[in-house]
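The following exercises ask the reader to describe a protein model step by step. Please study the sequence and the structure before attempting each task.

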Amino acid sequence: MIKQYLGILLSAVYALLIRLLGEWNVIDINSFSYLIIAPMAMGFIPFYFSGKGVRTSWVKAIFFPLIAVLVFLLIAVITHLEDLICFIIIGAPYIGFSIVLSVILYSLTKEKKDEPSRKGLSVLALPLVFGMIEKQFPIQDTDQLISRSVVIDRPANEVWKHLFAVPDLGSNRPGGWLHAMGIPRPLYATYDRESNTRLGYFENGIVLHESVTESETGHRLTFAINIGKSSLGNSPTLNHILKNKQVTFRYIRYELEKQADGKTLLQLSTKYTIHSNLPFYGKFWGKVIIKDFEEQLLQALKEVLEKGGDESQTGCIAE
């Protein structure tokens with residue numbers, strides 16, 4: 001009876017080992033090997049080690065790899081290898097591909113009584129082999145530009161002076177589902193005129209060091225993020241993505257347009273490059289996260305400025 005569930009435990013442990021190989025830069029996390037080959041190997045493990053229980057039950061062929069993935073993700077989050085958001089980003093392909101392989105194996109062997117050959121264990125080495133091969137080839141670069149806008153009931157010159165040093169946006173404001181999954185929200189920003197740099201403060205102790213690269217008074221303001229000088233706090237996701245240069249931010253830009261009724265159209269644009277051998281997956285999640293960030297920030301700015309943001313909290317404001 002215990003042997004029947006051994007495959008679940010071994011599959012979860014195997015996934016953790018593969019994750020550590022990514023942490024040690026043996027294989028790339030955002031790669032074909034990690035997001036496709038590794039979960040398929042996970043689907044093989046319960047089939048191999050759990051005896052006939054999996055090979056004779058389509059229910060177990062589905063739920064054993066599913067449970068193994070959930071155990072792996074739970075341990076990864078508890079040990080701070082991953083954030084909650086990875087339950088979706090990593091969990092989706094891991095659950096999908098592990099179950100697909102398990103069901104295929106069930107369909108091919110449900111009528112057979114023979115035990116799987118030991119040669120089948122070589123499947124477990126495939127993520128490492130393919131991962132090392134992938135690292136020998138150039139990683140694809142994909143440029144992305146995401147823009148969102150909001151109309152603020154304030155003159156453009158008033159909105160402008162709050163873009164260098166952003167007022168306290170309030171930590172108690174409601175957040176979206178991404179925030180519930182661990183994506184930190186922006187809190188406020190300070191600006192040092194002498195060094196021409198801005199420090200953007202976020203939840204979880206994250207501080208982004210930004211330099212002003214373009215400033216057209218009342219119209220356009222552009223920042224470049226210096227990851228080396230930034231503090232990414234205790235966010236595993238940001239540390240993996242930014243420090244390992246899976247994503248490189250090119251600029252963050254505010255553009256203002258005066259409206260006829262005295263209001264201001266404020267547009268926020270983020271340009272970044274995804275470095276990945278699975279660009280379609282990185283593009284999808286990059287768009288989801290950046291879009292949510294821009295919408296949350298713009299809406300918070302609108303609410304604070306329209307209520308008459310407290311300038312005493314904005315630090316040094318550039319004119």
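**Exercise 1. Describe how strand E5 pairs with its neighbours on both sides.**

Step 1. Begin with one pair of residues: Val 207 stands opposite Ser 231 in E5. The model is predicted, so local features need pLDDT of at least 70 and side-chain atom pairs count only at pLDDT 80 or more, while totals for chains, interfaces and linings use all residues. Residues are numbered from 1 along each chain as its sequence is written, and side-chain values use heavy atoms, with hydrogens and water left out.

Step 2. Identify the strands. Helices (H or I, at least four residues) and strands (E, at least two) are DSSP runs, numbered from the N terminus. E4 comprises residues 207-216, and E5 comprises residues 220-231.

Step 3. Examine the pairing with E4. Two strands pair if DSSP finds at least two bridges between them. E4 and E5 run antiparallel and are joined by eight bridges. Another bridge partner in E5 is Ile 225, which belongs to Glu 210.

Step 4. Examine the connection. E4 and E5 form a hairpin with three residues between them, and Gly 218 in the turn has a positive phi of about 80°.

Step 5. Turn to E6. E5 and E6 pair in the antiparallel sense over four bridges. Here Arg 220 stands opposite Glu 255 in E6.

**Exercise 2. Place these strands in the whole sheet and locate the helix that lies across it.**

Step 1. Survey the chain. The protein chain has 11 helices and seven strands.

Step 2. Read the strand order. The seven strands form an open sheet, in the order E1-E7-E6-E5-E4-E3-E2, with antiparallel pairing.

Step 3. Find the edges. E1 and E2 each have a single partner strand and stand at the edges, so one side of each is left without a neighbour in the sheet. From one strand to the next, the twist averages 25°.

Step 4. Add the helix. H11 lies across E1, E2, E3, E6 and E7, and runs at about 20° to E1. For such angles, axes are lines fitted to C-alpha atoms, for helices over the stretch in contact, and angles run from 0 to 180 degrees between N-to-C directions.

**Exercise 3. State which residues and elements build the largest nonpolar core.**

Step 1. Fix the terms. Buried means under 20% relative accessible area, exposed over 50%, and partly exposed in between (1.4 Å probe, protein chains only). A nonpolar core is a set of buried Ala, Val, Leu, Ile, Met, Phe, Trp, Tyr and Cys residues joined through side-chain atoms within 4.5 Å.

Step 2. Name the central members. The largest nonpolar core has 37 residues, of which Leu 163, Leu 221, Tyr 254, Leu 266 and Leu 301 touch the most other members.

Step 3. Assign elements. Those that each supply at least two residues of this core include E1, H8, E4 and H11. H11 gives the most, with seven residues.

Step 4. Follow one member. Contact means heavy atoms within 4.5 Å. Not counting residues up to four places away in sequence, Leu 301 touches Leu 163, Val 166, Pro 167, Leu 169, Tyr 254 and Leu 266.

Step 5. Note the second core. Another core, of 34 residues, lies apart from it, and Ile 8, Tyr 34, Ile 36 and Ala 68 are among its members.

Step 6. Compare with the chain. Buried residues make up 49% of its 319 residues.

**Exercise 4. Classify the ring pair of Trp 160 and Phe 164, and describe the setting of both residues.**

Step 1. State the criteria. Rings of Phe, Tyr and Trp (its six-membered ring) pair if their centres lie within 6.5 Å; planes under 30 degrees apart count as stacked, over 60 as edge-to-face and the rest as tilted.

Step 2. Apply them. The structure holds 10 aromatic pairs. For Trp 160 and Phe 164, the ring centres are 5.4 Å apart and the planes are at 80°, so the pair is edge-to-face.

Step 3. Locate the pair. Trp 160 and Phe 164 are separated by about one helical turn because they are four residues apart in helix H8 (residues 156-164).

Step 4. Judge the exposure. Trp 160 is buried, with a relative accessible area of 3%, and Phe 164 also counts as buried, at 3%. By contrast, Phe 280 in H11 is exposed, with a relative accessible area of 57%.
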